[in-house]
Amino acid sequence: VKAFTSAIDIQGQQMHTSITVGGALAPLDGRDADTLLRCADTARSHAKAEGGSTCRFYDESMRRRALETAQLDNLLRGALERNEFALAYQPVVDLASGRPIGAEALLRWNSPVLGPVSPDRFIQLAEETSLIVPIGEWVLEQACRELSAWREMLNLPLHMAINVSSRQFHDYRFVDRVQTILQNHELPGDAIVLELTERLFLGDDGTSVEVMRELAEQGVRIAIDDFGTGYSSLGVLKHMPIDTLKIDRLFIRNTPDDGDAQAIAKAMIVMAHGLGLHVVAEGVETPAQCRFLLEQGCDEVQGHLYSPPLPGDEVPALMARRTIDVRYCAPTWASSTK
């Protein structure tokens, strides 16, 4: 590693490079070449994650994480068939009227072996193993079924925000499946908002834009989720059929007390509106945050100030009865269900 820090002279040209090394020891880490190479590769991945240009040996913590990942992978593979997944719904509130106008569907996994498993632990694994495609289709189907029931029960044009992974989005059947599910539940295209992360567009060859345009032809709305935490370029956003920008909770958490956070959130709202985009702020937890967003012209908000994620059967009562007093940004119970 040290040797590679110096420039290499190739025909008079100074070439700069680096090397990252992962190592494994026999017999502690394995007794055959395949096992040792696999362990060394795991160690190299950890070294790269730490910034590269270094050397790491396979150790007990890596071994423990590898075993945990293997167990998680094994349990995840049958979770859908065993009906271990469920959806929770966090209401989305329109700031101008103070009324809930929709919800975001959030995937939950309650494993009989592990108990409740955080999405941070299993979503990435599902993405890596392609299990996210059937799981994502189940989420879309279930969320649309719930939404159809709510709209019929309340006679309100509610919408549902649904997270879509990169692998699911690029599956060749995705557009057809969205269309079929909407038709099966008698929902218009604009009843759903598909949330995509900025990472989906990294190295994209234009395929994503084409898929978005096909969805837009059905009336489906597209949102960029967790904006500001990835790699979005304003030029990219400008030329994509995007309807909504969701400001990540990271930029809401310290408003309005932190001047930098306040300036960033304000700039995002102004920029999004300048591009003709709807703005939703995530992670709103205090009346002060709500008042700040209201003053900046934010369109919609969601967060624990209004409601935590709820089971589907508890959502209609909230949608029908609850409003937000935007003068004080505190939940109040309405006397009318209109």
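Here are some worked exercises on the strands, one helix, and the pockets and cavities of this predicted model.

**Exercise 1. Trace the run of paired strands from β8 to β12, giving the sense of each pairing and its number of bridges.**

Let's go pair by pair.

- Start at β8, residues 159–163: this strand pairs with β9 in the parallel sense, over four bridges.
- Next, β9 pairs with β10 (residues 221–227), again in the parallel sense, and here there are five bridges.
- From β10 we step to β11: the two run parallel and are joined by three bridges.
- Finally, β11 and β12 (residues 278–281) pair in the parallel sense over four bridges.

**Exercise 2. Pin the register down: which residues are the partners of N163, E195, I224 and K246 in the next strand along?**

Take N163 to begin with. Its bridge partner in β9 is E195. Now carry on from E195, whose own bridge partner in β10 is A223. That gives a path from N163 to E195 and from E195 on to A223.

For the next step, pick up β10 at I224, which stands opposite L245 in β11. Then move along β11 to K246, and you'll find V280 of β12 opposite.

**Exercise 3. Are the residues of β9 and β11 buried or exposed, and which way do those of β11 point?**

Buried here means under 20% relative accessible area. With that cut-off, β9 (residues 192–197) comes out mostly covered, with five of its six residues buried.

Now for β11, residues 244–247. Sort its residues by direction: T244 and K246 point one way, while L245 and I247 point the other way. That's the pattern to look for, because side chains in a regular strand alternate between the two faces of the sheet. As for burial, all four of these β11 residues, T244, L245, K246 and I247, are buried.

**Exercise 4. Work out why the buried residues of α7 line one face of the helix, and what covers them.**

First, list them. In α7 (residues 207–217) the buried residues are S208, V209, V211, M212 and L215. Second, look down the helix axis: these buried residues fall within an arc of 160 degrees, so they line one face of α7. Third, ask what sits against them. The cover includes α5, α6 (174–184), β9 and β10.

One last detail, just past the helix: α7 is followed by G219, which has a positive phi, near 90 degrees.

**Exercise 5. Describe the largest pocket and then the second largest: how much space is in each, and what lines them?**

The largest pocket holds about 1,200 Å³ of space. It has 33 lining residues, and those closest to its centre are P119, D120, I123, N163 and D226. Elements giving two or more residues to this lining are β6 (99–111), α3 (119–128), α4 (132–154), α5 (166–169), β9 and β10. By class, the lining splits into eleven nonpolar, eleven polar and eleven charged residues.

On to the second largest pocket, with about 170 Å³. Its lining is R65, E68, T69, L72, D120, R121, Q124, L125 and E128. Two elements, α2 (60–76) and α3, give two or more residues here, and α3 gives the most, with five. The class count is two nonpolar, two polar and five charged.

Notice D120: this residue is among those closest to the centre of the largest pocket, and D120 also lines the second largest.

**Exercise 6. How many cavities of 30 Å³ or more are there, and what surrounds the largest and the second largest?**

Searching the whole structure turns up three of them. The largest has about 110 Å³ of space. Of its 14 lining residues, H159, V193, T244, V280 and E300 are closest to the centre. Each of β8, β9, β10, β11 and β12 supplies at least two lining residues, which brings us back to the strands of the opening exercise. The lining has six nonpolar, four polar and four charged residues.

The second largest cavity is about 70 Å³, and its lining is V133, E137, L140, Q168, D171, R173, F174 and R177. The elements giving two or more residues are α4 and α6, with the largest share, three residues, coming from α4. Sorted by class, that's three nonpolar, one polar and four charged.

Terms used
Residues are numbered from 1 along each chain as its sequence is written. This is a predicted model: local features need pLDDT of at least 70, side-chain atom pairs count only at pLDDT 80 or more; totals for chains, interfaces and linings use all residues. Side-chain values use heavy atoms; hydrogens and water are left out. Buried means under 20% relative accessible area, exposed over 50%, partly exposed in between (1.4 Å probe, protein chains only). Two strands pair if DSSP finds at least two bridges between them. On a 1 Å grid over the protein atoms alone, a cavity is a set of points where a 1.4 Å probe fits but cannot get out, and a pocket is an open set with protein on both sides within 12 Å along at least five of seven lines; lining residues have an atom within 4 Å of a point. Grid points are joined across faces, edges and corners, and a volume is the space filled by probe spheres set on the points. Ala, Val, Leu, Ile, Met, Phe, Trp, Tyr, Cys and Pro count as nonpolar, Asp, Glu, Lys and Arg as charged, and the others, Gly among them, as polar. The arc is that of the directions from the helix axis to the C-beta atoms. Contact means heavy atoms within 4.5 Å.
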